[in-house]
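Me: I have just opened this model and would like to go through it with a colleague. Please keep each answer short and tell me how you got there.

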Amino acid sequence: MIKGSGANDMDDMMKNRAKDGIDRSGGIYTGADLSVDLCGIRLDNPVIPASGTFGYGYEFAELYDINCLGSFSFKGTTGEARFGNETPRIAECPSGMLNSVGLQNPGVDAVIAEELPKLAVVFNKPVMANVSGFSVEEYRTVTEKLSRSDAADMIGWFYGSRSCQSRSHSY
Ligand SMILES: Cc1cc2nc3c(=O)[nH]c(=O)nc-3n(C[C@H](O)[C@H](O)[C@H](O)COP(=O)(O)O)c2cc1C
């Protein structure tokens, strides 16, 4: 299984990061119990970066130990690789920002072969698998591929995401 294949890397990383005396073993660093139950799975805390804002997670592990999160939802993943919408596709506005990324992602096969093995090295909690697509069949195929892959034991939840761009396609 992929989970565990990076165990030595993870141990080394934790040992190095433990030199500053902070316990980064996975809990949040307060004395309070912030744990929550999500569909029968216990999270250390309810902090969950939204899908698409956190890539496949490992990118952020260069900045901090992402095991301090409760979990996160990885990028919406489709059957085939997608570039997404033409750029520019993000714009600032007075109250925040507007985005229409268009489900950019490398496709489920690359997620299984490349993205999730990198995540397994730095994240030891269940992740939310965001399944996206343009037909019921595509959602089924992506979900089946993930759940039958070596990465299946990393996944705690499947999250079916239906984006506005899907509406131009038939269901
Ligand atoms: C840059 C960006 C990319 C996003 N990509 C995805 C995505 O791939 N799949 C998805 O389900 N939601 C995606 N979202 C939507 C977020 O997950 C979230 O639902 C949305 O930002 C609303 O949450 P908020 O009200 O806290 O901002 C994206 C949002 C942003 C800002």
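Me: Between which two strands is the loop that holds Pro88?

Reply: A word on the ground rules: this is a predicted model, where local features need pLDDT (the predictor's confidence in each residue, from 0 to 100) of at least 70 and side-chain atom pairs count only at pLDDT 80 or more, while totals for chains, interfaces and linings use all residues. Residues are numbered from 1 along each chain as its sequence is written. Helices (H or I, at least four residues) and strands (E, at least two) are DSSP runs, numbered from the N terminus. On that basis, the loop with Pro88 lies between β2 (41-43) and β3.

Me: Is the peptide bond from Thr87 to Pro88 cis or trans?

Reply: Most peptide bonds are trans. From Thr87 to Pro88, though, omega is near 0 degrees. That makes this peptide bond cis.

Me: Cys39 has a positive phi; is this residue buried or exposed?

Reply: Most residues other than glycine have a negative phi. Cys39 sits in the loop between β1 (36-38) and β2, with phi near 55 degrees. A residue is buried with 20 or more other C-beta atoms (placed from the backbone) within 10 Å of its own, exposed with 12 or fewer, and partly exposed in between. Because Cys39 has 6 other C-beta atoms within 10 Å, it counts as exposed.

Me: And Leu103, buried or exposed?

Reply: Leu103 also has a positive phi, about 60 degrees, although it is not a glycine. Its place is in the loop between β4 and α2. Because there are 21 C-beta neighbours inside 10 Å, Leu103 counts as buried.

Me: How many charged residues are in the shell around the ligand?

Reply: Leu103 is part of this shell too, along with others including Lys75, Asn99, Asn130 and Ser161; a residue is near the ligand if its C-beta atom, placed from the backbone, lies within 6 Å of it. For the classes, Ala, Val, Leu, Ile, Met, Phe, Trp, Tyr, Cys and Pro are nonpolar, Asp, Glu, Lys and Arg are charged, and the others, Gly among them, are polar. The shell then has 3 nonpolar and 7 polar residues, and the number of charged ones is 1.

Me: Which residue of β4 is the bridge partner of Glu92?

Reply: Two strands pair if DSSP finds at least two bridges between them. Strands β3 (residues 90-93) and β4 (residues 96-99) pair in the antiparallel sense over 4 bridges, and a hairpin of 2 residues joins them. Ile90 stands opposite Asn99. The partner of Glu92 is Met97.

Me: Which element gives the largest share of the largest nonpolar core?

Reply: A nonpolar core is a set of buried Ala, Val, Leu, Ile, Met, Phe, Trp, Tyr and Cys residues joined through C-beta atoms within 7 Å. The largest one has 19 residues, of which Leu116, Leu119, Val127 and Met154 touch the most other members. Two or more residues come from each of α2 (108-122), β5 (127-131) and α3 (136-147). The largest share, 5 residues, belongs to α2.

Me: Which residue in β6 is the bridge partner of Val127?

Reply: Val127 is in touch with Leu119, as are Tyr56, Gly57, Tyr58 and Met154; contact here means C-beta atoms, placed from the backbone, within 7 Å. β5 is mostly covered, with 4 of its 5 residues buried. It pairs with β6 (residues 155-160) in the parallel sense over 5 bridges. In β6, Val127 has as its partner Ile155.

Me: What separates the C-alpha atoms of Pro117 and Tyr58?

Reply: Pro117 is found in helix α2. With 18 other C-beta atoms within 10 Å, Pro117 is partly exposed. Pro117 and Tyr58 are 59 residues apart along the chain, yet their C-alpha atoms are separated by 9.6 Å.

Me: In which helix is confidence lowest?

Reply: The chain averages a pLDDT of 85, and 77% of the residues score at least 70. Values stay under 50 over residues 1-7 and over residues 17-22. Where pLDDT is low, the predicted coordinates should not be read in detail. Confidence is highest in α2, at 98, and lowest, at a mean of 52, in helix α1.

Technical notes:
Contact = placed C-beta atoms within 7 Å. Lists of a residue's contacts leave out its neighbours within four places in sequence.
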